[in-house]
Amino acid sequence: ITSAIAIDILPLKLHPFSQSTPTGLDCVGWKRRISSPVIADGSLDKTALTDDVGSEEDLYEDFRSSSHRYGHPGGGGEQLAINELISDGSVVYAEALWDHVTMDDQELGFKAGDVIEVMDATNKEWWWGRILDSEGWFPASFVRLRVNQDEPMEDYPLKVEGGKEDDSSSGTRRFGMGQTTKDQMRTNVINEIISTERDYIKHLKDICEGYIKQCRKRADMFTEEQLKTIFGNIEDIYRCQKKFVKALEKKFNKDHPHLSEVGSCFLEYQTEFQIYSEYCNNHPNACMELSRLTKVNKYVYFFEACRLLQKMIDISLDGFLLTPVQKICKYPLQLAELLKYTNPQHRDFKDVEAALNAMKNVARLINERKRRLENIDKIAQWQSSIEDWEGEDVLVRSSELIYSGELAKISHPQAKSQQRMFFLFDHQLVCCKKDLLRRDILYYKSRINMDDMEILDVEDGKDKDFNISVKNAFKLHCRDTEEVHIFCAKKPEQKQRWLKAFENERRQVQLDQETGFSITEVQKKQAMLNASKQHHTGKPKAVTRPYYDFLMRQKHPTLPTTLPQQQVFMLAEPKRKPSNFWQNISRLTPFRK
């Protein structure tokens, strides 16, 4: 693609408030002017874009000389409308989509669900807002405009818990110059859901046709692997969303929008929405690949030309690619607001209530899968630190470290007690031995397949199978081979933690089967490759063991019964008294050379 795009930006004073705050916020009246060939009806003249008026190197130099910062998001009619409302003296409220944590006194911190009064939306990336007595800059992409702007602030809860307001009995509210009902408020929310879905479909279409289609024509610039990294499965998302918006429109009552029954649509597509998990997990890789490519002149020019040819708004590609991540997080907020204005007698009430819980679960599942994929790198690092490893990699069958600790193991036929470190993953229990002198080094000894095992609690006293006295013990019994292992903890509470961990291991395996969670072979191999690269030639493995050291520093908390246990698992090594081994051995002069 070639074009004759002339971009002129007024230079900005470089004075960033923080690492996340854009430059130029302290400059008044800064503008970005784009001049493009335009035909009589006001549309972009694509034929003019192909005129040979200069090389891409010349164009890139124009970008640089005009202080253009590639990747500046923002723009669109919404921002203009906000500024007009504010200038007319209207109060504009936005609701936070995510937490904004900041240490800068010129930025406004808030939590997801907080309502912010927007006071200045002149800048496309950062707006000025107020919460109670606090004012400051905040990222515009972290919020969405409140649907019912005319609703009094005192009647709007700062947080919506489960989609229900505190005073659900209030059937009418006074605002502006008249009155409204829940039905009128529900109409506003329904209209927002439908309109934002249509906008989102247009957005996805622009990415697929404006960027991906053009990139595939340039095999000299992009490989299929690069395109998969940059765009992920956004084409699958586009196909899914097209079907979803059609289902919504069938349920949309144009004459009486408040009677629309859209809850069933979200319930029908809740499983298909799980494809967002793959996209969200890949998004950081997409950002890194884009950052790498846009350091090369021709890619900067190419992506900008794609945007203009597709007549897309003034947002960079990385900004467009962030939208699916924002969209899947926005559904619970929209449904919570819809439920708020849906009477319990409404035919859609139960479906909307169920849809809200379903979309919250989808968001939780996406977050959990992201965490699990991040953990596989740590597991690979841990395995690479173990000496004398034998057999298949841990990642072949496992993706979650459930628990670990030190136990005494007793097995047939010798019935000899051995002190070992155990690491419980989903599907397997790995046994390691500490080095005699360097206690931070572990040697691989064995592993137990947890899929074949049942856990048996053992009372203190003499065990009949092993004919020995045990305390704080439990058994692992193989159903197929009748193989039995007995394990003893040092304290009763340690035993209870292990029994709870085994329960959670089985629960995790069952959940993965139900949700279809799996890690691809490519991801497993990449994690092991990254781990192997971290070890420097000639250095002992103990020097590069950050993950194991991190685990060993953690302390066992009391496991709360109200939280998912995978959120609170910590791993620890029992404290030991300082050893006098070296002081004692130094006195053995016969052993000195």
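**Cores and contacts in a predicted chain**

Of the 593 residues in the chain, 48% are buried (under 20% relative accessible area, with exposed meaning over 50% and partly exposed in between, using a 1.4 Å probe and protein chains only). This is a predicted model, in which local features need pLDDT of at least 70 and side-chain atom pairs count only at pLDDT 80 or more, while totals for chains, interfaces and linings use all residues. Residues are numbered from 1 along each chain as its sequence is written, and side-chain values use heavy atoms, with hydrogens and water left out.

The chain has 15 helices and 18 strands (DSSP runs numbered from the N terminus: H or I of at least four residues for helices, E of at least two for strands).

Now for the inside. The largest nonpolar core (buried Ala, Val, Leu, Ile, Met, Phe, Trp, Tyr and Cys residues joined through side-chain atoms within 4.5 Å) has 61 residues, and Phe222, Phe231, Phe266 and Phe273 have the most contacts inside it. Helices supplying at least two residues each include helix 4 (182-217) and helix 11 (349-384). Helix 4 gives the largest share, 13 residues. Another core, of 22 residues, lies apart from this one and has Leu395, Phe425, Val430 and Ala527 among its members.

Next, a look at one strand residue. Ile448 sits in strand 13 (residues 442-449), and it counts as buried because its relative accessibility is 8%. Leaving aside neighbours within four places in sequence, Ile448 is in contact (heavy atoms within 4.5 Å) with residues including Leu429, Met453, His485 and Phe487. Ile448 and His485 are 37 residues apart in sequence, with 9.8 Å between their C-alpha atoms.
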